[in-house]
Amino acid sequence: MDTTNLNKIREELLSCGICLETFTDPRVLPCQHTFCQKCISQISADKRIFRCPTCREQVILPKNGVEGFKKNFELASFCEKLVAVKKRPPVAEKPRAGDKCGTHKKEVRRFYCQQCKVAICSECILDIHQGHSICSAAQAAGGSRDRIGGSLKTCKERIKIHEDVASGITDNEKKLEAEKKAVESTIRSYQQQLIDDINKTAAVLLQELESHFMTKQMRLIEQKDSAQSTLDEVSSTRDWAEKRLSFTEPEVIGMEDAICKKLEVAIAMQELSADYISLEMDFQPAISPTGKTLLGHLKEKGSENGRKDSLKRATPTPTPVMRGINPNQPVPGLVFFGHEGSGEGQLTEPRGMTVTPEGRIFVMDGCSDIEEGEIKEYDSAGQFVGKSFQPHYFQLAADGGGRLFCTRPQQETVDVLDKLGTCVQTFGKGQLSYPLGIAIHPVGGQILVTDTQRCKVFIYQPDGMLIRHFGSSGRGDHELTYPMGVAVDSAWNIYVSDHDCHCIKVFAMMGTFRLKIAKKGSKDGQLKNPKGICVDAEGNIIVADSGNGRVSMFDSHGKFSRHLLTSDQGLGHPSQVTLMPEGRLAVMDMETCRGLIFKYKCDQ
């Protein structure tokens with residue numbers, strides 16, 4: 001078998017899905033997926049329960065750790081044979097026919113000395129073992145087999161007992177899980193009931209408050225109208241009297257009585273009171289036995305008893321599906337950072353953005369026409385922390401150790417920065433032409449880079465060694481036109497935002513095309529010049545739809561879910577989207593030169 005076929009077999013059948021190397025001590029998870037023992041140790045991280053990187057099924061770590069998972073002996077054998085073929089060891093000697101005697105080289109040991117307990121040949125009977133009790137080797141072996149068989153039978157019976165015990169424990173685990181889910185379902189049902197009741201009560205209270213306010217407001221309007229009417233009448237009389245004073249002397253003398261009489265009527269008009277009208281109502285919180293505030297009721301000021309009919313009126317208005325910056329549709333936990341300008345912590349031309357596992361935000365800021373820029377750091381609340389002067393990178397990605405991987409298109413490389421901002425490694429020279437997008441595998445740490453000139457995706461080991469690349473220029477399903485953003489999940493689904501093809505393409509680890517998401521347009525589920533992309537733990541695909549000025553989310557099957565932010569809600573030109581801890585999302589808006597942080601998971 002030639003080397004090409006051997007490598008093909010190793011990559012497609014005998015490679016671990018985490019480290020991408022030939023299996024070492026392969027172990028089988030309960031979901032029947034196989035990984036190296038060392039790789040399982042890394043993803044479990046001594047946790048009692050973890051998820052399979054391929055199917056996301058929950059896996060319970062055995063009491064004795066990773067070694068408790070069954071070993072895939074057949075797969076291990078294939079791997080050993082593959083290694084043996086690659087090393088090309090010398091051909092082993094053929095075994096000798098029969099069992100030759102060590103003393104008499106040409107004789108076969110067909111007898112057994114019962115006194116010395118050793119197999120011997122016919123020459124040994126007349127020589128070393130003369131006079132000893134002798135029987136045939138077959139007869140002696142038969143006795144040995146009977147004794148071994150007895151012990152083996154007992155061992156098998158014990159195995160059956162252990163299997164029954166293990167099966168019983170497995171059944172117990174399933175029942176325990178079912179019991180836990182039943183109780184959890186009851187808790188969540190009661191939780192939802194409380195939420196519904198609180199929402200209904202709040203809606204009724206707000207409607208009651210609005211009704212009470214309108215009553216008070218109508219009284220004010222009536223007072224205002226009456227006061228204005230009186231003022232208009234008195235003012236009209238004044239104007240009429242002043243105009244008559246300009247008449248001739250005989251006319252003034254003749255009209256004096258009439259003018260004075262009319263003025264007396266105006267003067268005698270009753271003055272309206274301008275008493276202050278108060279709302280005369282307050283909110284009285286309801287306190288639970290634990291001392292926590294549940295909701296409450298409205299209470300007239302000065303009254304000991306609150307209103308008791310709060311639950312007898314209108315139903316609450318449904319919460320709108322689309323959430324945004326509009327004050328009528330507030331974004332949960334919305335925080336802005338950056339803002340346009342050249343001051344401390346402000347941004348002039350933000351490009352790349354990434355978030356560390358601890359929630360630290362790094363933004364690449366600087367004009368693309370010059371080689372120098374700044375990497376600015378913000379904390380998880382969006383507060384500016386500091387900056388460092390760096391070459392002009394395009395996109396950033398952070399690994400679990402806090403290192404930054406930065407694409408540098410002008411130099412056709414990827415630079416690796418340590419926590420102090422020092423470049424400690426560079427790779428990709430001679431392989432990359434114009435690298436832009438970058439992502440890191442969440443388990444194995446492999447680096448994925450998009451190259452817009454070669455229309456390819458490159459995959460590197462954490463140490464910068466090239467593993468493979470795939471893709472070619474074109475508009476076919478397996479081709480790319482201008483790949484910008486890239487993301488990868490633990491099951492090695494690779495998501496690429498094709499900027500000029502206005503879609504997202506999904507590939508397998510080996511570069512096999514799997515799925516195309518969206519097409520050009522502005523309707524729900526359509527995209528225009530998508531840029532940044534990320535994937536959450538549930539498989540939801542979040543895209544910076546830059547041409548439409550919105551951030552859209554699709555489910556794991558590529559079906560449109562909803563818009564998280566849109567241009568109608570103040571978003572300009574989103575270029576990057578990055579996941580943050582606690583169900584939050586960071587978005588970089590190139591048009592307004594600012595970042596946004598908000599909760600996109602409302603159940604967190």
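In the predicted model, Val-587 has Leu-596 of strand 34 as its bridge partner. This pair belongs to the contact between strand 33 (residues 584-589) and strand 34 (residues 594-599), which are joined in the antiparallel sense over six bridges. In the loop between strand 33 and strand 34 lies Cys-593, a residue that has a positive phi of about 55 degrees although it is not a glycine. Most residues other than glycine have a negative phi. The relative accessibility of Cys-593 is 4%, so this residue counts as buried, the cut-off being under 20%.

Strands 33 and 34 are part of an open sheet of four strands, arranged in the order 11-34-33-32 with antiparallel pairing. At the edges of this sheet stand strand 11 (335-337) and strand 32 (574-580), each of which pairs on one side only. Neighbouring strands of the sheet are turned by 20 degrees against each other on average, when direction is ignored.

Another open sheet of four strands has the order 20-21-22-23, and here too the pairing is antiparallel. Its edges are formed by strand 20 (435-440) and strand 23 (466-470), and because each has a single partner strand, one side of each is left without a neighbour in the sheet. The average turn between neighbouring strands of this sheet is 20 degrees, direction again being ignored. Within the sheet, strand 22 (residues 456-460) and strand 23 run antiparallel and are joined by four bridges, and Ile-459 stands opposite Arg-468 in strand 23.

A further set of antiparallel contacts involves strands 12, 13 and 14. Strand 12 (residues 350-355) is joined to strand 13 by four bridges, the two running antiparallel, and Val-355 stands opposite Ile-361 of strand 13. The hairpin of strand 12 and strand 13 has five residues between the strands, and in this hairpin Gly-359 takes a positive phi near 100 degrees. Strand 13 is also joined to strand 14 (residues 372-378), to which it runs antiparallel, by five bridges; in this pairing, Asp-365 has Glu-374 of strand 14 as its bridge partner.

Burial was examined for two of these strands. In strand 13 (residues 361-365), five of the five residues are buried, so this strand is largely enclosed by the rest of the structure. In a regular strand the side chains alternate between the two faces of the sheet. In strand 13, Ile-361, Val-363 and Asp-365 point one way, whereas Phe-362 and Met-364 point the other way, and all are buried. For strand 12, six of the six residues are buried, so this strand is likewise largely enclosed by the rest of the structure.

A positive phi is also found at His-502, which has a value of about 60 degrees although it is not a glycine. His-502 is placed in the loop between strand 25 (494-498) and strand 26 (503-507). With a relative accessibility of 10%, His-502 falls under the 20% cut-off and therefore counts as buried.

Turning to the empty space in the model, the second largest pocket holds about 1,200 Å³. This pocket is lined by 27 residues, of which Pro-30, Ile-60, Pro-62, Thr-170 and Glu-173 are the closest to its centre. The elements that give two or more residues to the lining are strand 4 (58-60) and helix 5 (137-244), and helix 5 gives the most, with ten residues. By residue class, the lining of the second largest pocket divides into twelve nonpolar, nine charged and six polar residues. Because domain 1 (1-71) and domain 2 (145-268) both give residues to this lining, the second largest pocket lies between the two domains.

How values were computed:
Residues are numbered from 1 along each chain as its sequence is written. This is a predicted model: local features need pLDDT of at least 70, side-chain atom pairs count only at pLDDT 80 or more; totals for chains, interfaces and linings use all residues. Side-chain values use heavy atoms; hydrogens and water are left out. On a 1 Å grid over the protein atoms alone, a cavity is a set of points where a 1.4 Å probe fits but cannot get out, and a pocket is an open set with protein on both sides within 12 Å along at least five of seven lines; lining residues have an atom within 4 Å of a point. Grid points are joined across faces, edges and corners, and a volume is the space filled by probe spheres set on the points. Ala, Val, Leu, Ile, Met, Phe, Trp, Tyr, Cys and Pro count as nonpolar, Asp, Glu, Lys and Arg as charged, and the others, Gly among them, as polar. Domain bounds come from an automatic or database domain assignment. Two strands pair if DSSP finds at least two bridges between them. Axes are lines fitted to C-alpha atoms, for helices over the stretch in contact, and angles run from 0 to 180 degrees between N-to-C directions. Buried means under 20% relative accessible area, exposed over 50%, partly exposed in between (1.4 Å probe, protein chains only).
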